[in-house]
Amino acid sequence: MPGVGCLAGQHGVVAAATLRRLASIISKSCAMRPTVYLDYNATTPVDARVLDRMLPYFTQHYGNPASEGHTYGWTASAAVERARRQVAAALQIDRPSAITFTSGSTEGINAALKGVAEACRDHGDHIVTVQTEHSAVRKCCKHLEQNGFRVTYLSVDTSGLLDVDELECCLTGRTILVSTMWANNETGVIQPIREISRRVRMRKIPLMTDATQAIGKISVDAAEADILVLSGHKVYGPKGVGALYMRERVNRCPLIDGGGQERGHRGGTLNVPGIVGLGEALQIAQQECEEDHTRLKVLRDEFEQELLKRIPGLRINGRDAPRLPQTSNITFPPLDADRLRIGLRTVAISSGSACSSHTHAPSPVLEAMGISREEAARTFRISLGRQTTRDEVDYAAAAIVDAVDSVGVLA
Ligand SMILES: *Cc1c(COP(=O)(O)O)cnc(C)c1O
């Protein structure tokens, strides 16, 4: 059909011209240097060592781990089980079989919350969580509320910490699950998981924790919880793969009905290259966590000191609480935040949470910490990572100071 070919050709020409125009605009605006990436809490690049491990599983060892009759299947299956042991080791647990591979933390959170609720419907209907949880947890809880469950959303203080006494007070004989994140994605604030775990599990109530941001940045011992979720793309692994740890399998039904994969827990052919990448990423994270922690904390602290010194009225949120070493959540003094954003286009940082940066609503995390809608609009998250250099951090600090100077602080 020549007509179709011709049309496609025209579209191709238009698209190419548009792309060239865009590329020229971008290259002019970035003529000085490429955009510095300081948004590692949104996602991380895949570590080159992780990619190296993954590649053969796309083109060479492409067998289905469920194929039990030949070496292609055995090779893939062995790689998956090796990754399972790597994940268990990173979580400091000695039972790899308690790990189920998922598509990421969102799936793990949905499976765990909805699975526990379904399994425990007969003896309870109350769930406790926190106002500063990731939207996946908050939205699952809203869903469960619409299905007859009661949810307590604990408040936090101005530094972002929940009150363990208040948590303990709201536990009842009908409470079936407590869900509190380990470290917050927006502020880096670390909840007192050990103390939470002690108080919750003393009452034989299971504790679930979203450790997506904690793993690889601080020491994580899964024994503190009954259920834990993590994700590959926040720890220099690939996107679309994660793990769910369940000390005891709570749900009778599979998370996904299918071919009985993952001991009948989650059907569907396993994402072998992704799983291999997740295992490798977590092993590297475990080995390099301390070194990365020390180096990034120095850079982050110097960055914050520089901004505090150069921008009067600047505030660092969560500064009084234990925090991840590489996250900085900053409220600027009153200024035109939209103009600041334009001034900061050579630094990739995030306003509010990555998931809600398209909406103008203030992030629920900041709101829970008592930050007003107007303040939230001039609040940004800067998160450093393994590839971050001192030069990049210095550049970002200078760019931020310059942008604030040129936008001007409102009286
Ligand atoms: C990124 C993130 C999630 C979601 O993980 P995905 O693997 O992208 O679904 C959940 N919780 C926290 C704290 C996160 O940072």
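**Buried tyrosines, two sheets and a serine**

Student: Are Y40 and Y236 buried or exposed?

Tutor: This is a predicted model, in which local features need pLDDT of at least 70 and side-chain atom pairs count only at pLDDT 80 or more, while totals for chains, interfaces and linings use all residues. Residues are numbered from 1 along each chain as its sequence is written, and side-chain values use heavy atoms, with hydrogens and water left out. With a 1.4 Å probe and protein chains only, a residue is buried under 20% relative accessible area, exposed over 50% and partly exposed in between. By that scale, Y40 and Y236 are each buried.

Student: What is the distance, centre to centre, between the rings of Y40 and Y236?

Tutor: Rings of Phe, Tyr and Trp (its six-membered ring) pair if their centres lie within 6.5 Å, and planes under 30 degrees apart count as stacked, over 60 as edge-to-face and the rest as tilted. By this rule there are four aromatic pairs. Y40 and Y236 form one that is tilted, with 50° between the planes and a centre-to-centre distance of 6.2 Å.

Student: How many residues apart in sequence are the parts that this pair ties together?

Tutor: Y40 belongs to the loop between β1 (36-37) and α2 (48-54), where helices (H or I, at least four residues) and strands (E, at least two) are DSSP runs numbered from the N terminus. Y236 belongs to the loop between β7 (227-231) and β8 (242-246), so the pair ties together parts whose separation in sequence, in residues, is 196.

Student: Which residue joins Y40 and Y236 in one aromatic cluster?

Tutor: The tilted pair of Y40 and Y236 is part of an aromatic cluster of tyrosines. Beside Y40 and Y236, the cluster holds Y37.

Student: Which are the edge strands of the sheet of seven strands?

Tutor: This open sheet has mixed pairing (two strands pair if DSSP finds at least two bridges between them) and runs in the order β2-β8-β7-β6-β5-β3-β4. Within it, β3 (residues 126-130) is paired with β4 in the parallel sense over five bridges, and V128 has T152 as its bridge partner in β4. Each edge strand pairs on one side only, and these strands are β2 (99-102) and β4 (150-154).

Student: Which strands does helix α8 touch where it packs on the sheet?

Tutor: Angles run from 0 to 180 degrees between N-to-C directions of lines fitted to C-alpha atoms, for helices over the stretch in contact. The direction of α8 makes about 155° with that of β6. The strands that α8 touches are β5 (175-179) and β6 (207-210).

Student: Which residues does S197 contact, leaving aside its neighbours within four places in sequence?

Tutor: S197 lies in helix α8 (residues 193-201), and S197 is buried because its relative accessible area is 5%. Contact means heavy atoms within 4.5 Å. Outside those near neighbours in sequence, the residues that S197 contacts are M202, L207 and E224.

Student: Which strands does helix α9 lie across?

Tutor: A four-stranded open sheet has antiparallel pairing and the order β9-β10-β13-β12, and β10 (residues 327-331) and β13 (residues 379-383) are joined by five bridges. In that pairing T327 is opposite S383 of β13. Helix α9 (residues 272-310) runs at about 15° to β10, and the strands it lies across are β9, β10 and β13.

Student: What percentage of the residues of the protein chain count as buried?

Tutor: The protein chain contains 13 helices and 13 strands. Of its 411 residues, the share that counts as buried is 52%.
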